[in-house]
Amino acid sequence: MKLKRAFSILLALVLMLTCVSASFSALAEELRYFQRGVLTDGEKTAYWIIDKDNKVLYLSGDGVSYANTPDYANADSGPFARRTDVTRIVIEEDVNYVGDYVFANMTSVDTIEIQSNLLKRENSISSTAFSGDTNIRNVQGDSEVLSTNTLVNAVKVGVGVFTGDWWSVVSNIIHTGSDVMADDGTLDDASVDAMVTDYIINGGTVFLGDLDEVVENYEEMNACPCYSNFAYHHQYSEQLVTAPTCTEEGIKTVSCPVCGDTHNEPVEPLGHNYVQEVYLAPTCTARGVMDNYCTRCGDSSFSVIPANGHTEVIVPAVRASCTSTGLTEGAYCSVCGVTTREQEVIPMRSHMLNYTYYQNGDYYVADCILCDGEFTEFDNDISALLEAEEWYNSLTASDYSAASFGALSSVAELHKNLSANDTLNYPQFAIDEEVTEILTRINELQPYVQLRLFGRNAALTYACGEETGGKGAYSLDFGSDVTFTAEPNTGYKFIAWYDVNTKRYLSTSPEFTYKVTSNLILKAVTAPTDYATLTFHGEGGQIKASYSESHDYWTDLEELDDLIPEVPVKYGYTNGRWNINVRTLIELSLGHDVDVYAEYDSLDVVVPDLPAASSDGAPSLTLSYYYNDGDGVPVGTFVMASNVPDGCDVQTIGMAYVKKPAESFCPTDYLLSLNSQVTTARFSGLSDSGLYILNIKKIAAKNSWAVRGYMTYYENGVLKVAYTNQINIINREAV
């Protein structure tokens, strides 16, 4: 039987209540008492009703979703434990699960009726659901439900039969009621109606609540002459007893002349009737006061009136010209007259001049197209020109190629009178053009660089264009390509070309070509053919020491300690050590050359970011300086960061420096450029963009330094130099 069918019948019966006009004694006989409630643990929920007159307990859902009862801990904690006013339990159609001990310890129950076909599933009734219900003698419902192990086990536990003769016991107490089954295996409609009549609606009228209270209320309701057609129809009139105020309630008497019902009711307060009146008027800058008061009771409060603000009148701006100043826009208040925006003076505009140069007299005349004025004298600043000429005067012509120095000299000498004589006849742009041309010519100087070639036990030659030579000292043009050749004497082998300035091997090939962009002291290193060579390589290919010795020397040598040089400093690393193992001396004694390299542990140090790329296609370079004497050995580290655009043809990379005694050399008065007077540390085998590091160990306070990084590169077939900023070191600090 569906839940909505059963409860719709109950609802209809409740509605019939108002149609009953029997006497109180007949009413009392027809009233039936029901108790109802909910089983829930917050997640599982089911609803129950107990027909107190017929001792029937109904378990159902809410008519929308299936019902699931909670589980209870034991038989005594079940919701109906030890009740004796129920003899029959009806489980409705929409029940999905009956949990532990739900109907436990109900010894008065003798009949269980199962209407739910969903209970065909195994484990849908807890085996302890009827625990302690020892008087169960009748189970009714669908035969398929009644035959499941789930229900059999539940009844078995309830009755308390656990012996092997269970089937003989159950055959006497289980009655399926098969004669009321429909064709689909469920209870037929006639049986449903009979159950409703027998167990739910005997007596004809249903009330929920206390029986005595229900009878009393019903009697009172029907005795009232104003009650008819299931509702009261009083003819009330009202009389004001106490008038309400703005904040207090009043009282009125309500009376019905038909039945005499009389009672008092409150009258809502009237509420304040506020009006506003200006107490103090506001001005442009001061706030006012508003009085808010009630016309009935006089209650009053004050509120702020915002200031009115100024009413601005604009004073127009006056445009500046090249002969007079101007004024910015101003304003004043038309109400109070206060100036709200002061006018500010706009400086005179610059003249818009057309310049004419008179070469014969070496002077300029300018006409202003705004005011038609003519000018022959000009304000200018020649400080940059003086610095450019000072730099030019510090250069020595013999350090550079005649063509490049002549181009500089022709520009610098042409108008040298500008800095020596009256310059009022020259406007600023002409002075600036002169400075730019001098600096451009200085940057394009092609210095001579010095080459010294030496070495023992080999014939050495160099070729530069059509010029050739051997061992000795030479002056070469900047950017020359020089090919060096070494032919070892009989019984000797060639080791490498060693750059004395940078302490690096430039090449291990007897013949190699080198672009000379800085001073070069080149040594050809050789050794007897049967000698083995031990070479210690530092960071960036630097050679810290090299030993070429005979087989007997290496065989008789027991340890290398006396030959091991100091590990060079490497910025960003610590704990330097040489990668020497037990096989090093063995390899040397066998006549094999051995190269040993430095190893370090990494530190977490700050390195500069790469500079932004330049817009003219040239390398963009910056130089940074770091000083450290944490281990007692002062180290100056120079880090050049480079950003080289794609397609830039870089030729050489290095750092140029001048080191002189501190008492005679102030680097801030010196601008370093590549020439025969500077020393250069060259880098090789590295990419163009990135970081280049020069460590100067034991940097002494007795010397001052000027240091610049550089790159040489080709632009339209011309070798050019890109420089970093210059760093000047005095007393080990950058200034």
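Hi everyone. Let me start with a word I'll need: a residue is called buried when its relative accessible area is under 20%, exposed when that value is over 50%, and partly exposed in between. Asp85 has 17%, so Asp85 counts as buried. Keep that residue in mind, please.

What you see above is a predicted model, so let's ask about confidence first. What is the mean pLDDT of the protein? The mean comes to 82, and 84% of the residues reach 70 or more. Strand E46, residues 727-730, has the highest mean among the elements, at 96. Helix H1, residues 3-15, has the lowest, at 37. Over residues 1-29, pLDDT stays under 50, and the model has 38 contacts there beyond four places in sequence. Residues 184-210 also stay under 50, with 70 such contacts.

Now back to Asp85. Which residue does Asp85 form a salt bridge with? The partner is Lys52, and the closest N and O atoms are 3.0 Å apart. Lys52 sits in the loop between strands E2 and E3, while Asp85 sits in the loop between strands E4 and E5, so this pair ties together parts that are 33 residues apart in sequence. Unlike buried Asp85, Lys52 is partly exposed, at 27% relative accessibility. Arg83 comes in here too: salt bridges with shared partners join Lys52, Arg83 and Asp85 into one network.

How many salt bridges are there in total? The count is 17. As a general reminder, side chains of opposite charge can pair when their charged atoms come close.

Let me show you two others. Asp481 and Lys515 meet at 2.9 Å, N to O. Asp481 belongs to strand E30 and Lys515 to strand E33, and the two are 34 residues apart. Is Lys515 buried or exposed? Lys515 is buried, at 10%, whereas Asp481 is partly exposed, at 43%.

The other pair is Arg577 with Asp601, at 3.2 Å, N to O. Here strand E37 carries Arg577 and strand E38 carries Asp601, with their positions 24 residues apart in the chain. Arg577 is partly exposed at 31%, and Asp601 is partly exposed at 31% as well.

Last topic: cysteines. How many disulfides does the structure hold? Zero. Take Cys294: the nearest cysteine sulfur belongs to Cys297 and is 3.7 Å away. A disulfide needs the two sulfurs within 2.5 Å, so this pair does not qualify. Cys294 is buried, at 2% relative accessibility, while Cys666 is partly exposed, at 35%.

Thanks for listening!

Technical notes. Residues are numbered from 1 along each chain as its sequence is written. This is a predicted model: local features need pLDDT of at least 70, side-chain atom pairs count only at pLDDT 80 or more; totals for chains, interfaces and linings use all residues. Side-chain values use heavy atoms; hydrogens and water are left out. pLDDT is the predictor's confidence in each residue, from 0 to 100. Helices (H or I, at least four residues) and strands (E, at least two) are DSSP runs, numbered from the N terminus. Contact means heavy atoms within 4.5 Å. Buried means under 20% relative accessible area, exposed over 50%, partly exposed in between (1.4 Å probe, protein chains only). A salt bridge is a side-chain nitrogen of Lys or Arg within 4 Å of a carboxyl oxygen of Asp or Glu.
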